Every structure is written in C-alpha cells, then in structure tokens.
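Biologist: I have this one open for the first time. Can you walk me through it?

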Amino acid sequence: MSYGTSNEWFPYYEQAFSAGTFSYRTGNELPDYEQAFSDNGVLGMQASEQKAIQVTDLTVAYQDKPVLWDIDLDVPPGVLLAIVGPNGAGKTTLVKAILGLVRPAAGNVLIYDKPYEAQRRIVGYVPQRGSVDWDFPTSVLDVVTMGCYGALGWIRRPGRRERELAMQALEKVGMEAYTTRQISQLSGGQQQRVFLARALVQDATVYLMDEPFQGVDATTERAIVTLLQELRADGKTVVVVHHDLQTVTDYFDWVMLLNIRRIASGPVDEAFTSDNLRETYGGRLGFMKTDKSDV
Amino acid sequence: METSQIEIQLIAIVTAVACALPGVFLVLRRMTLMSDAISHAILPGIVIAFFLTESLSSPLLILAAAGTGVLTVVFVELLQRTKLVKADAAIGLTFPALFSIGVILISRFAGNVHLDMDAVLLGELAYAPLNKLQAFGYDDLGPVSLYVMGMILVLNLVFILVFYKELKLVTFDASLAAALGFAPTVIHYGLMTLVSVTTVGAFDAVGSILVVALIAGPPVTAYLMTDRLSRMLMLSALIGSVNAVSGYWVAFLFDVSIAGSIATMTLLIFGFVFLVVPNRGLIAIARRHARQKWEFAQTMLVIHLFNHEGLPEAEAESAIDGLHEHLSWDPGFTNQVVRYALNNRCVSRKETQLILTAHGRTIAQKTLVQ
C-alpha cells in the first residue's frame with residue numbers, strides 16, 4: 001500500500017460494481033460451511049460443527065470507552081478470513097482479544113472449543129510490522145527462530161533443530177539469502193516476510209495476522225497471498241486484518257465486516273454486500289481511498 | 001601497585017560489569033531514564049533500612065532499597081496508565097518525590113549519625129577497601145563491597161544467562177511474548193528488581209547519581225559497535241571494565257574523585273566510539289556523505305555529456321572550459337568533478353573536449369533507466 005503517493009480518491013461503489021467485484025464464485029471449496037451458513041443465521045443450530053475460532057458476546061473497553069461491542073464471530077476451520085472495517089473499528093483489538101492480549105469486559109473466546117491459554121501452541125500470530133523496534137540488535141534468522149520459543153517453553157534455548165526450522169520457513173517466504181542480515185537493513189516488504197516466516201515456524205493450525213500487507217510492494221503482496229492460500233489448502237485457518245476492500249473478493253473466501261460491532265460475517269459472496277459495506281463504512285465509504293490506483 | 005589499589009580497581013570493574021549487563025536491556029527497552037529514577041528513588045529505602053539496622057552494609061539495606069526501586073517502577077507505570085501523564089513526566093514526578101522523602105528523613109533524623117549525603121550521592125570508592133570482611137576468625141578477607149558487588153554480578157549473570165531467550169523476546173516483541181505465554185510483566189519486574197539491587201549495590205562504590213553512567217554508558221557504546229544482542233552484552237561488560245580501570249588511573253594521576261573520573265571516561269570512550277566506529281560512526285557517515293556528493297556530481301556530469309552526445313551542439317556542451325557555464329557550477333567545483341570522473345574513467349579528455357568512456361556511458365544509461 002502506498003498511502004500518500006496517490007491523490008486519487010475513488011468512489012467505492014462505482015468501482016466495485018463496474019469491475020464486477022460481486023460476481024458469485026462458481027467453485028465449491030467449502031460447500032459444508034456455505035450450506036450451513038445459508039441454511040440459517042441462528043446461533044446454536046451449528047453447534048455440532050467444530051469452530052476454529054468462536055467469539056461470543058465479546059465486549060472490550062479501554063477505560064470505559066468501548067472498542068468492541070458484543071462481538072459474535074464463528075470461524076470454521078480451513079477458511080481464509082479478512083476482517084475489514086474503517087480505522088478505529090477495533091480490528092486489531094479483536095485480534096488481540098482473541099489472543100488474550102487485552103482483557104475483555106465481557107464475553108468469551110474459544111479456539112477449537114478451548115480457551116486460548118490451552119491452545120497457545122496451535123495459534124500463530126503476526127503482529128503489525130510497526131509494533132517492534134527494527135533497530136534491535138538481531139539477525140533475520142534469530143527473529144524467525146523466535147517462532148520456536150513457544151514450543152521450547154521457559155529457559156530451554158533454541159538449538160540446531162530450531163535453526164533448521166527457521167531456515168525452512170525463510171525459504172518458504174523467499175528470504176533464505178538474508179539469514180545473517182541485521183533486521184534494520186531490510187525493506188518493509190522483507191520485514192513483513194520475516195514476520196510471516198516467524199509465524200510459519202510455529203507450525204500453527206490457526207493464524208492471526210494484523211495487516212500483513214501493510215507497506216509491502218505489489219510483488220510481495222502477491223507472494224504473501226499465495227502463501228496464505230497455501231496455508232488454507234493445508235487446512236489451516238487464517239484470519240487477516242485487511243485494509244484494502246478492492247482485493248477482498250480476490251484473496252479471501254470469508255469476510256467479517258467490523259465497526260465497533262459486527263456488521264456481518266460469512267462467506268465473501270454473502271457477507272460482502274454493498275448494504276453491509278455501507279453500514280460498516282457509513283458516509284465515509286464514498287471518500288475511500290483506493291490503494292490500487294497507483295500499482 | 002598496592003593491594004588497596006588493586007582492590008579499588010577490582011571493585012570498580014565488578015561494579016561496572018554488574019551495571020552494564022542489565023543496562024543493555026534498559027537501553028534496548030528505552031528505559032535508561034528509569035534507571036536514573038530508580039537510582040534516586042531508592043534513597044528513602046536506604047535511609048529507613050539504615051535507621052532499622054544502623055549499618056550501611058547490612059543486606060537489609062539492599063533489600064529495602066530494591067523494594068523502593070520496584071515501587072518507583074510501579075508508581076511510574078500507574079501514573080502512565082491513567083493516560084493523563086506521559087512516561088517521561090511520570091518518571092520526572094515520581095523519583096524527585098521519593099528522593100525528597102529520603103533527603104528530609106536524613107536531615108531530620110540522621111543529623112548526628114553517620115549517613116553522609118555526599119557518600120550516598122557520589123560514593124567514595126577510595127574508602128571501599130577500608131571496610132574489610134571479617135569472618136571465620138580472619139579479620140581481612142578483602143573489602144566488603146567487593147563481595148557485595150560480586151554477588152550482585154553473579155545474580156545478574158545468572159538471571160541473564162537463564163532467561164536470555166525470554167529477555168530477548170520480551171524486549172523485541174512483547175506482544176508475541178505474551179501470546180506465546182512468556183509473561184512479559186514478570187520478566188519486566190524481574191529486570192527492574194535486578195536494576196534496583198544493582199543500583200543500591202553500586203551506590204556505595206560510585207554513588208547513586210553516577211551509577212546511571214555505568215548502566216547507560218557501556219550499552220549505548222556497545223550498541224554502536226555490533227548488531228547482535230549477545231555481542232552487545234559482552235562488549236558492554238568489556239567497555240564497562242575499560243571505563244572503570246581507565247577512570248581509576250585518571251583519578252590517581254590527577255588526584256580527583258574516582259567515581260567522577262569513571263563517569264568522565266565513560267563519556268569520553270562513548271564519544272570516541274561514536275566518532276570512529278565503522279559504518280555508524282560520525283566520521284564514517286561524513287565520509288559516506290562526501291563520497292555520495294562526488295558520486296552524484298559525477299553522475300550529473302556523465303548524464304549531461306550523454307544527453308548531448310552525437311548532437312550538433314555536443315562540441316559546445318562538452319568543452320571542458322565551458323562546462324561550468326552550462327551546468328551553472330562553480331568553476332573550481334567543476335574542475336574537481338571532472339578530475340573525479342577522469343580518475344574513475346567515466347570520461348576521457350580529447351583535446352578541449354570531454355568525452356564519455358564506455359563505462360561512463362553505461363552509468364548514464366543505467367541511471368536514466370532507473
């Protein structure tokens with residue numbers, strides 16, 4: 001994305017409809033869930049279905065200012081889900097609440113039917129790239145090895161096995177040539193790939209990623225999308241905080257529209273409708289800036 | 001060298017290394033100011049424990065001071081959490097408050113006891129060897145402060161060696177650390193306890209103000225020299241020792257305060273490294289800028305020649321004498337750029353004309369394509 005380099009402001013509706021963004025998919029990758037979703041929207045009727053992530057009645061407040069109101073979200077296993085919503089909609093907070101990093105004022109989160117604390121090993125997390133100090137004295141390989149720390153537990157040090165796993169992950173993201181680089185010498189896209197590699201090392205079942213496309217060039221974005229889709233093909237569940245509405249239909253099969261409360265969630269075909277978008281973005285949608293205009 | 005001289009240097013080295021090791025993590029966590037706060041705020045802890053024990057070398061003193069140090073961190077963070085006070089202001093409010101309590105306690109109750117404000121603030125390394133450890137029937141087992149600081153050094157070493165992985169992760173990416181189940185708060189307070197204990201141990205040697213120089217100086221110096229955490233720790237320890245020994249001898253030669261000299265050497269050595277270190281040093285940066293300036297001027301020159309090459313006006317545009325007018329450069333500067341480009345074989349001289357070499361043409365083409 002390249003905020004600040006383009007001055008074009010696209011009225012979103014026009015763009016979306018003229019480009020045929022809302023064409024229905026013909027593939028049937030996930031017939032069960034689509035079936036389940038279209039049969040009913042009622043909670044409880046899908047109880048027999050195991051959920052990768054189940055958020056119920058989640059309210060998060062900072063001081064007494066609510067950031068998330070009563071969120072319900074069911075994420076079935078094996079989907080690639082985008083969380084979209086305007087700035088300040090609580091996307092990052094939702095991810096952090098799922099990971100137990102912020103304490104909810106109300107509600108509950110389950111990962112495969114258990115609380116997060118019991119499922120740490122199967123959850124991989126990619127924080128926002130800007131959340132760490134890239135001048136930290138450490139190498140690319142070292143950062144990726146940190147993905148193994150959870151499995152190692154307290155005190156035990158990473159060894160040759162962990163370094164090998166880290167190397168494999170770096171190969172997957174095409175960064176094997178940079179292992180000994182100091183991390184501040186990387187470009188934004190390379191830093192993002194290092195973060196992805198670190199999550200891959202965790203070999204998780206559920207991945208939560210906070211804006212993995214932020215500040216990356218078009219080539220890296222494509223590489224990351226391919227990687228996410230491979231993860232889904234392996235049966236992993238991937239939840240991505242996403243900013244770019246233009247690419248939702250291309251990249252993801254599930255979507256959640258969020259603006260303090262949940263507007264909609266489900267398969268992209270059903271949830272990503274103009275009505276839901278208008279409700280999520282309100283008047284602001286008409287002034288939405290597209291990131292693709294200069295690619 | 002006399003025994004006492006060796007002892008003073010040993011105490012200085014041990015203190016410097018003990019301070020430098022946790023200092024690395026404070027610097028990386030951008031919390032150096034917190035060590036300043038702790039070093040001042042432990043004063044009431046020391047004073048109160050001194051009233052209770054009437055001894056300056058009691059272990060209770062260290063514990064009480066360490067407790068006050070951790071309390072300082074808690075106060076600062078509570079203030080910060082209200083979001084009404086920013087981090088720096090919270091530190092600025094907390095430690096003078098605690099420090100002043102200590103000062104008042106001393107002036108009110110300790111007027112006739114031996115608790116010297118100067119000793120607390122500035123320390124007196126020169127007297128440290130006088131206080132000998134007496135035990136098991138021996139009356140001289142070496143200076144007490146060497147044992148105290150030695151134990152604190154071992155404590156710091158063990159903590160950092162055992163929790164190296166956790167300290168690294170929490171410092172680099174606290175949210176991942178929390179998500180993976182490594183309690184960042186526990187590590188954070190563990191580190192703060194260490195800093196408090198180290199500070200109170202070191203106040204005997206260098207005083208509570210100069211201890212900040214020992215905590216911050218070596219790590220920031222080492223930070224300039226390496227980009228690996230493990231090496232930064234080792235370099236910090238080494239630099240701390242060099243500062244301590246060189247500071248001692250400066251004090252010896254000029255007959256001045258040892259603590260003051262050590263702190264001065266810390267700054268001088270930092271300044272030296274800051275200037276000369278490859279890649280990141282000021283000199284390296286200045287040279288890189290200078291080189292870039294000439295490189296860029298050379299590129300402008302070859303592109304100028306390239307643009308007019310083979311065209312009717314080429315003769316006028318590439319006449320050596322007329323270059324400065326066409327480029328609106330100072331004639332002296334133009335001459336230097338021409339010489340630079342000739343040296344790099346980007347251009348060659350053909351009578352009064354400057355013509356591109358194959359190499360220069362490639363540079364121009366590559367730059368223009370980019």
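Biologist: Let me start with Arg261(A). Is Arg261(A) buried, exposed or partly exposed?

Modeller: Arg261(A) is partly exposed, at a relative accessible area of 40%. Buried means under 20% relative accessible area, exposed over 50%, and partly exposed in between, with a 1.4 Å probe and protein chains only. Note that this is a predicted model, where local features need pLDDT of at least 70 and side-chain atom pairs count only at pLDDT 80 or more, while totals for chains, interfaces and linings use all residues. Residues are numbered from 1 along each chain as its sequence is written, chains are lettered from A and ligands numbered from 1 in the order in which they are written, and side-chain values use heavy atoms, with hydrogens and water left out.

Biologist: Which side chain does Arg261(A) meet in a salt bridge?

Modeller: That of Glu279(A), at 2.8 Å from N to O. A salt bridge here is a side-chain nitrogen of Lys or Arg within 4 Å of a carboxyl oxygen of Asp or Glu. The pair links distant parts of the chain, 18 residues apart: Arg261(A) is in strand β9 (residues 261-267) of chain A and Glu279(A) in helix α11 (residues 274-281) of chain A. Helices (H or I, at least four residues) and strands (E, at least two) are DSSP runs, numbered from the N terminus. Glu279(A) is also partly exposed, at 44% relative accessibility.

Biologist: How many helices and strands are there in chain A?

Modeller: Chain A has 11 helices and nine strands. Of its 295 residues, 53% count as buried.

Biologist: OK, the two chains. How many residues does each put into the contact?

Modeller: Chain B gives 29 residues and chain A gives 34; contact means heavy atoms within 4.5 Å. Lys165(B), Phe172(B) and Leu180(B) supply 27% of the area that chain B buries against chain A, more than any other three residues.

Biologist: And what is the area buried between chain B and chain A?

Modeller: About 2800 Å², with 62% of that from carbon and sulfur atoms. Buried area is the accessible area (1.4 Å probe) that two parts lose on being put together, summed over both.

Biologist: How many salt bridges are there between chain B and chain A?

Modeller: Three. In one, the side chains of Asp142(A) and Lys168(B) meet at 2.6 Å, N to O. Asp142(A) lies in helix α4 (residues 140-145) of chain A and Lys168(B) in helix α8 of chain B, so the pair joins two chains. Asp142(A) is partly exposed at 23% relative accessibility, whereas Lys168(B) is buried at 4%.

Biologist: And the others?

Modeller: Arg198(A) and Asp173(B) meet at 2.7 Å, N to O. Arg198(A) is in helix α7 (residues 188-201) of chain A and Asp173(B) in the loop between α8 and α9 of chain B, so that pair joins two chains as well. Both residues, Arg198(A) and Asp173(B), are buried. There is also Arg30(B) with Asp133(A), at 3.2 Å, N to O.

Biologist: Where is Arg30(B) found?

Modeller: In the loop between α1 (3-28) and α2 of chain B. Arg30(B) counts as exposed, at 64% relative accessibility. Its phi is positive, about 55 degrees, although Arg30(B) is not a glycine. Most residues other than glycine have a negative phi. Tyr112(A) also has a positive phi, near 45 degrees, and is buried, with a relative accessible area of 16%.

Biologist: Back to α8 of chain B. How many of its residues are buried?

Modeller: Nine of its nine residues, 164-172. They include Tyr164(B), Leu167(B) and Thr171(B).

Biologist: Any pockets worth a look? How much space lies in the largest pocket?

Modeller: About 1500 Å³. A pocket is an open set of points on a 1 Å grid over the protein atoms alone, where a 1.4 Å probe fits, with protein on both sides within 12 Å along at least five of seven lines; lining residues have an atom within 4 Å of a point. Grid points are joined across faces, edges and corners, and the volume is the space filled by probe spheres set on the points.

Biologist: Which residues lie nearest its centre?

Modeller: Arg29(B), Glu77(B), Gln80(B), Arg81(B) and Ala174(B), out of 35 lining residues.
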